[in-house]
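Please examine the sequence and the structure displayed here before reading on. The paragraphs below are meant to be followed with the model in view.

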Amino acid sequence: MKQETHNNKIQAKVFEELCDAIGRENVFDNIEERVCYSFDATKEKSIPDLVIRPHSTEQVSNTVSIANQHNIPICPRGAGTGLSGGSVPIKGGIALDLKNMNRIVELNARDLTVTVEPGVVTKDLQDEAAKHRLFYPPEPGSAGFSTIGGNVAECTGGMTGMKYGVTRDYVLALEIVLPDGSVINTGSKTLRSVAGYDLTRFFVGSEGTLGVLTKITLKLLPLPAKIGTVMSYFKDIDSVLNATDSIIVKNHLHPRSLEFVDKTCIGAVRGSAEETIPEEAGAFLLIDVDGNEKNVANDISRIEALCRENSALKTSIAKTDDERDALWDVRKSVSPSLFKIASMKFNDDFCVPRSKVREVLKKVYELGKTYSIQVAAFGHIGEGHIHLNVIYNDGKEMDLSVHKLVSQILKEVVLIGGTITSEHGVGDAKAEFIGLELAPHEIEIMKDLKKMFDPKGIMNPGKIFI
Amino acid sequence: MSTDWKTEVDKCSKCGKCHTVCPVFLETGDESMVSRGRISLAEALRDKQIVYTDKLRDYVYSCKKCMRCRTVCPSGVDYEVIISALLSGVAENMGIPLLPRIIFRYILPRRILFDLMLKVSSKIQWLIPMKRRGQMRHLPLLFMGKRWIPTLAKKTALQKFRKTKKLKNPKMRVGLFTGCLINYIYVDIAEAVVDVLNRMNIEVVVPQGQLCCGTPSSTMGDFKSTKKLADVNKEVFESQKLDAIVTACATCTKAIKMDYLRTLGPSWQSMSDKIYDISEFIDKYCGDEYETKPIDEKVTYHDPCHLLWVRGISDEPRNVLKKSSDFVEMDQAGACCGGGGIFTIIHYDLTLKMLERKVASIERSGADTVATNCPGCVMQIADGFAGKNSKIKTTHSIQILQKALVDSGINKEK
Ligand SMILES: Cc1cc2nc3c(=O)[nH]c(=O)nc-3n(C[C@H](O)[C@H](O)[C@H](O)COP(=O)(O)OP(=O)(O)OC[C@H]3O[C@@H](n4cnc5c(N)ncnc54)[C@H](O)[C@@H]3O)c2cc1C
Ligand code: SF4
Ligand code: SF4
């Protein structure tokens, strides 16, 4: 995809100013360090002019206000695991790495809240909560390495969305450094609050385009006693969808996760997975339920029976945590394993009303055939969410057809009543498609709001809107 | 060095999962100190966006080559191909500092010179100012240990076992690859290996012509020197009629079993198949046969990176220790102890942080002794306890078995 190299465009005077304000040891201008902060998990690349690695809100505020004075773009960065180019500094400027701000500031078990700095890794927070028998539900495939800051900035979803929703549903309050360097606090550390406009929600999913999140207060839940897991292989997607409807709509069961993976994805993980996957498998469903021991056992056996009723080829129930991890490893390795098929992929995360999944998948595969480009699909199917992956090898012509294919698919998605992105964000990867879903007037309102917070447009330019 | 690194880098999906296990990244959170970042540097070199600089060398040297990242990579990136290419690129483009170059090219291949050099340097170690000694630990043997070189053995392992003790009707005949640390410093580990195996009715040959495994030179990208050493070791071990080759050093096992397949090519495969870590060997060939009287000590086990993360060996040493002692597990047994290679010189502070974590895990386990299967880790961990007034002892797991082993009449002709 796009590759740009920026010369070091920061003037010596500004460089000195930044070093004085936040310490020379936190400012990196050497090309090697800058290369290491030039990409995210889309593999898109653009080298920033500086990397800054602050340790405190004050250092963030100083950095941002100096950048603002000199019109230098700021690209906030968590772990760089994003899938829409969000932390790729496409306009150069400063890559602001927040991984050093990684303290869990306060976990208040009685209040069911935790306040963290943005660089805390999602799983570290979950582990800390679990020590108090508490639970932070959002579980992206990247939970072990993505940061809470990145999760909030993208409104990340994940595997537990079916029952527990997405990041947005857990964010109570934020400390934010605005582009002029001022620090604001939104929301409240209470479990409910409706005082004034909901600025917290406005910043969730803002993709680093409005300000830098420096503290985040999240809601926690009591930790479910038990999780049960079933893996079920089917010959085709129709059977998968029948089973899903049977579980949720006909039998009113409420799984924690309902993950689907198609044939191409299975091909990519086969062999590297511990689990033996049936030769004729054309799709699988991975289902988690949680709750107390008795209910879990009960639900799991009912779900297994329902899968069998809907012509499952093979089902396996995890008996131990290790077995559960092994099953989930298969699911989690799908996305990166697709690079084994070709060196490039375009990743979309559209979502349609649940009842429209069959229709949209049919269209997706048809269009793939028309363009002779390989498409792979997996996702949180219980919610009508699909990770569409268009897999190809680099090359100009290919780029063009991939682009056509993707825009065709997204048009269909919107036509059916869906959304072009449901958890990875728009970034720059999908910026050109946003017009498919939002009307010009709606886009204008959003741009006006952005201008109010970031009049000079230094915050993550080139993202969301072209 | 092969050029396949140029395509290997494309396999990296930039997912970031290597963040979760890299011991260096876990300390620094710095993207330039983890495989994903270094892969992006390799890519930039390939695409001529950067050139070799001092900074780049530092970033390349900041990798511990523990290979743990490779065990979790969902895209199947063979990071070792990439880091080796970077190391040799650094060596080719920036040269290797004079002193190590002399050591790798002229001294390591000549056992007599190496012996002599160490003797001399052990005499003159007081010449190096105290402050710098700490920082120079683990530079290929010459400047070892906080006590600088933990006293050099009077007689090296090779000298000690010049003659093979013949057994009447041995079950097997194995060769011991000593490796430098055991040969010069931890001769007692070699003694334990030979003693234990002999008592299990296995004849042990210590081939005299063997040289350094080559890890110090490959760590600095000097693969030419490694090749020279490997050629000699190949000849020496192939000329013996051996059922197996054992080592008690995790790094040497990795080098001669795995790395030599690249250095020497497929012709090494049949020898490679015969190479075992000492616990692995005992577990495989003597697992049910030997009797022990477990020692009255709580013993825990530290997994050396090169054994666990490169070879997946974790049960075998534990099986041996469970038979020989009151075994207790520590948390994070597979976390790097921080020792080894050029890394400890460039990033001395990080080495210490990793060591501190390791020491804390060992203390939490409540063990009296920590055992491991690598003399490098023994040295590092012992160092961690050295200044602490701790009663916890550091040893090689074979030495625990040596104490616990009960002679069952298999071989009484001592
Ligand atoms: C293997 C894999 C699996 C994944 N699984 C899922 C999944 O199941 N569900 C899902 O939704 N996503 C998933 N993702 C995508 C990605 O992990 C998430 O989007 C994640 O939230 C990104 O976090 P990060 O810390 O890496 O942020 P980055 O990628 O570094 O940044 C993401 C965005 O957040 C902004 N940002 C980061 N920190 C701040 C801050 N403190 N203040 C303001 N803006 C900030 C950046 O500017 C950027 O726009 C997956 C990615 C991978 C590689
Ligand atoms: S885990 Fe593998 S694919 Fe992922 S970033 Fe690291 S090296 Fe690349
Ligand atoms: S080999 Fe070890 S130190 Fe080097 S990048 Fe991989 S995990 Fe980190």
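The following paragraphs treat the contact between the chains, then two ligand sites, and finally the salt bridges.

The reader should bear in mind throughout that this is a predicted model. A suitable place to begin is where chain A and chain B meet. To this contact chain A contributes 30 residues and chain B contributes 32 residues. Between them the two chains bury about 2,400 Å², and 57% of that area lies on carbon and sulfur atoms. On the side of chain A, the residues that lose the most area to chain B are Glu32(A), Phe39(A) and Phe145(A), which together account for 24% of what that side buries.

Polar and charged groups also take part in this contact. There are 13 residue pairs in polar contact between chain A and chain B, counted where both residues have a pLDDT of 80 or more. Two elements of chain A, helix 2 (31-36) and helix 12 (334-337), give two or more residues each to the side that touches chain B. Helix 2 of chain A gives the most, with five residues. By class, the side of chain A that touches chain B comprises eleven nonpolar, nine polar and ten charged residues. Salt bridges between chain A and chain B number three. In a salt bridge between the chains, the side chain of Lys45(A) meets that of Asp47(B), with an N to O distance of 4.0 Å.

Attention may now turn to ligand 1. Which chains supply the residues that surround ligand 1? Residues from chains A and B do so, and the site is therefore shared between chains. The surroundings of ligand 1 consist of 35 residues, of which Pro76(A), Thr81(A), Ser142(A), Thr147(A) and Thr156(A) come nearest. The shell divides into eleven nonpolar, 20 polar and four charged residues. Strand 5 (74-77), helix 5 (148-154) and strand 12 (212-219) of chain A each provide at least two residues of this shell. Helix 5 of chain A gives the most, with five residues.

Several side chains approach the polar atoms of ligand 1. In Thr147(A), a polar side-chain atom is 2.6 Å from an oxygen atom of the ligand. For Thr81(A), an N or O atom of the side chain lies 2.7 Å from an oxygen atom of ligand 1. Glu423(A) has a side-chain N or O atom 3.0 Å from a nitrogen atom of ligand 1. Of the 970 Å² of accessible area that ligand 1 has on its own, the protein covers 97%.

A further site, around ligand 3, is found in chain B. The residues around ligand 3 include Cys22(B), Cys63(B), Cys66(B) and Cys69(B), and among the others are Arg38(B), Lys64(B) and Lys65(B). Helix 2 (23-28) and helix 3 (35-46) of chain B each give at least two residues to the shell around this ligand. That shell holds eight nonpolar, one polar and three charged residues.

The last topic is the salt bridges of the whole structure. Over all chains, a search finds 49 salt bridges. One pair is Asp97(A) and Arg53(A), whose closest N and O atoms are 2.8 Å apart. This pair links distant parts of the chain, the two residues being 44 residues apart. Asp97(A) belongs to strand 6 (residues 94-97) of chain A, whereas Arg53(A) sits in the loop between strand 4 (50-52) and helix 3 (57-69) of chain A.

Terms used. Residues are numbered from 1 along each chain as its sequence is written. Chains are lettered from A and ligands numbered from 1 in the order in which they are written. This is a predicted model: local features need pLDDT of at least 70, side-chain atom pairs count only at pLDDT 80 or more; totals for chains, interfaces and linings use all residues. Side-chain values use heavy atoms; hydrogens and water are left out. Contact means heavy atoms within 4.5 Å. Buried area is the accessible area (1.4 Å probe) that two parts lose on being put together, summed over both. A polar contact is a pair of N or O atoms within 3.5 Å; within protein, one must be able to donate a hydrogen and the other to accept it, and residues adjacent in sequence count only if both atoms are side-chain atoms. Helices (H or I, at least four residues) and strands (E, at least two) are DSSP runs, numbered from the N terminus. Ala, Val, Leu, Ile, Met, Phe, Trp, Tyr, Cys and Pro count as nonpolar, Asp, Glu, Lys and Arg as charged, and the others, Gly among them, as polar. A residue is near a molecule or strand if one of its heavy atoms lies within 4 Å of it. Accessible areas come from the Shrake-Rupley method with a 1.4 Å probe; for residues, only the protein chains shown count as cover.
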